[in-house]
Amino acid sequence: MNRKKTTMAKKPVRAAVGDIRITCQICGSDRFRDRSVLLNSSGMEFMKMAWANESATGLICRQCGYVHLFANRDLKLYETDER
């Protein structure tokens with residue numbers, strides 16, 4: 001099965017929590033694509049209140065695709081010059 005590699009529209013970002021630089025746990029890359037992620041709970045889904053769930057920042061590794069989730073509000077994102 002042939003798969004086309006999709007291009008990612010957003011510029012890659014680097015990330016850090018305080019002085020600690022974030023790198024991918026799988027491949028070691030420091031380039032990510034970021035997005036907001038809802039942390040759904042079954043109780044809130046059952047009560048039709050999913051909108052009230054907590055959110056996190058998802059960092060998707062641009063090299064291997066592994067998704068890292070951060071609920072830490074001290075996470076800082078830095079744009080890189082590359083595409």
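Q: Why is the sulfur of Cys-64 not counted as bonded to the closest cysteine sulfur, in Cys-24?
A: In this predicted model, the two sulfur atoms lie 3.6 Å apart, which is too far for a bond, because a disulfide is called only when a pair of cysteine sulfur atoms is within 2.5 Å. In general terms, a disulfide is a covalent bond between the sulfur atoms of two cysteines.

Q: How do you know how many disulfides the structure holds, and where does Cys-61 stand?
A: The structure holds 0 disulfides, and Cys-61 is accordingly in none, the nearest cysteine sulfur, that of Cys-27, being 3.5 Å away.

Q: What makes Cys-61 buried or exposed, and what is Cys-64 called by the same scale?
A: Buried means under 20% relative accessible area, exposed means over 50%, and partly exposed lies in between, with a 1.4 Å probe and protein chains only. Cys-61, at 0%, is therefore buried, whereas Cys-64, at 37%, is partly exposed. Of the 83 residues of the chain, 27% count as buried.

Q: Why is the group that includes Val-13 and Phe-70 called a nonpolar core?
A: The term covers buried Ala, Val, Leu, Ile, Met, Phe, Trp, Tyr and Cys residues joined through side-chain atoms within 4.5 Å. The largest such core has 9 residues: Val-13, Ala-15, Ile-22, Cys-24, Phe-32, Leu-59, Cys-61, Phe-70 and Leu-75. Strands β1 (13-17) and β4 (55-61) each supply at least two of them, a strand being a DSSP run (E, at least two residues) and a helix a run of H or I with at least four, numbered from the N terminus. Nonpolar side chains tend to be buried together in soluble globular proteins.

Q: What does Phe-70 touch?
A: Leaving out residues up to four places away in sequence, Phe-70 touches Ile-22, Ala-56, Thr-57, Leu-59 and Leu-75, where contact means heavy atoms within 4.5 Å.

Q: How do you know whether Val-67 is buried or partly exposed, and in which strand is Val-67 found?
A: Val-67 has a relative accessible area of 44%, so Val-67 is partly exposed; the residue is found in strand β5 (residues 67-70).

Q: Which elements does the chain have, and how do they run?
A: The chain has 1 helix and 6 strands, which run β-β-β-α-β-β-β from the N terminus on.

Q: How should these values and residue numbers be read?
A: Residues are numbered from 1 along each chain as its sequence is written, and side-chain values use heavy atoms, with hydrogens and water left out. Because the model is predicted, local features need pLDDT of at least 70 and side-chain atom pairs count only at pLDDT 80 or more, while totals for chains, interfaces and linings use all residues.
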